[in-house]
Amino acid sequence: MPELPEVETVARGLQRAIAGRRIVSVTLGKTDFIDDPALMERKLPGKRIVLVERYGKFLLIRFEAGSTAEDADSALLVHLGMTGMLLPQTTVEMPRKHTHVVMLLDDGRELRYVDPRRFGRVAYLAGEKLHNELKRFGVDPLEARLKEFIAGIRSRKTRIKALLLDQSVIRGVGNIYADESLWRAKVHPARLGRNLGERELTEVYRALQSVLRKAILHRGSSISDFLDAEGMPGEYQLHHRAYGREGKRCFRCGMVIRRVIVAGRSSYHCPKCQAPPREAARKRKTPKGRLSASKVRKSAKIRKSRQG
DNA sequence: CTCGATCCCTGGACGC
DNA sequence: TGCGTCCAGGGATCGA
């Protein structure tokens, strides 16, 4: 599941592998995760890749400025979703199953986008549109100063876990690194961000940066299927202290790690080290009778989307 | 404004 | 072995 460290790893690998190459042609498979497939097919051929960088959880493949103003400052924006992979491969290598975008490069290799679940997103954007897209996001956690981080957390009234995951507040953090950071900072995921003291917020900030940096050094976490640009899995999953460790013992105090749902996401934490909030012993209410009704609605929606 | 719930998708785990 | 069911999760969207 590509979050900041995984995307950073892919960006570095791609920068080494394809910077300077020119795109010769584009072949698309399924396109339901592409913003404007026709535009992409029209604009990419001939473009030279000058830089591959990370922006939050996005990869930005930046192109050489074209002759027209419209083509200045253009990029391919790629979000890997849950299972996306960008692999530079030779044409003799069999494309993996679920390869949906193939970009032929001028050295004969292909840059292939593979995404079984198609939770990702691909968009060709230029000029103002690119600019507007990027400014929707909050601060980069590795670049933000403590003051900016705290201002971001205090900007909204919700739980710390939800704040860390909110890309418009902080860009790049997902479920794994949110849990890992909160465990290290000894802060319960359901605490309200507003109720965290200066000291606690400082701890979260430091833990977040430390965890992200270490994870980048280990080339990210491969839980099920993350692969970097060289097709290699990361190793940071071997260093997880909270995420995915339900029922196992806390490395700090020996208490059993628990999983609760916060902000709609599995949240692994140590119930002893990470004291639960006093503020809101709020219980989620999910009437069981709704189940059948929602399933009825689900099938109706699927039918509708297939038509339109 | 802010919240939770729901949905998208596929493969892997699990139960029988 | 094979089938059905559940779950993972980021982000868009919607109704409360």
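The surface near DNA strand C, in this predicted model, is made up of four nonpolar, five polar and five charged residues. Together, 14 residues surround the strand. The closest of these are His-79, Arg-117, Tyr-243, Arg-259 and Arg-265.

Which parts of the strand does the protein meet? Of the atoms of DNA strand C within 4 Å of the protein, 56% belong to sugar or phosphate, and the rest belong to bases.

Allow me to turn to individual contacts. In the side chain of His-79, an N or O atom is 2.8 Å from a phosphate oxygen of DNA strand C. Arg-136 also addresses a phosphate oxygen of the strand, with a polar side-chain atom at 3.4 Å. For Arg-117, the partner is a base nitrogen of DNA strand C, which lies 3.0 Å from a polar atom of the side chain.

I come now to the cysteines. How many disulfides are there? The count is zero. Why does Cys-250 not form a bond with the closest cysteine sulfur? That sulfur belongs to Cys-270 and is 3.7 Å from the sulfur of Cys-250, which is too far for a bond, because a disulfide requires the two sulfur atoms to be within 2.5 Å. Cys-253 is likewise in no disulfide, and its nearest cysteine sulfur, again that of Cys-270, is 3.5 Å away.

Are these two cysteines buried or exposed? Cys-250 has a relative accessibility of 4% and therefore counts as buried, the limit being under 20%. Cys-253, with a relative accessible area of 30%, is partly exposed.

Definitions and conventions
Residues are numbered from 1 along each chain as its sequence is written. Chains are lettered from A and ligands numbered from 1 in the order in which they are written. This is a predicted model: local features need pLDDT of at least 70, side-chain atom pairs count only at pLDDT 80 or more; totals for chains, interfaces and linings use all residues. Side-chain values use heavy atoms; hydrogens and water are left out. A residue is near a molecule or strand if one of its heavy atoms lies within 4 Å of it. A polar contact is a pair of N or O atoms within 3.5 Å; within protein, one must be able to donate a hydrogen and the other to accept it, and residues adjacent in sequence count only if both atoms are side-chain atoms. Ala, Val, Leu, Ile, Met, Phe, Trp, Tyr, Cys and Pro count as nonpolar, Asp, Glu, Lys and Arg as charged, and the others, Gly among them, as polar. Buried means under 20% relative accessible area, exposed over 50%, partly exposed in between (1.4 Å probe, protein chains only).
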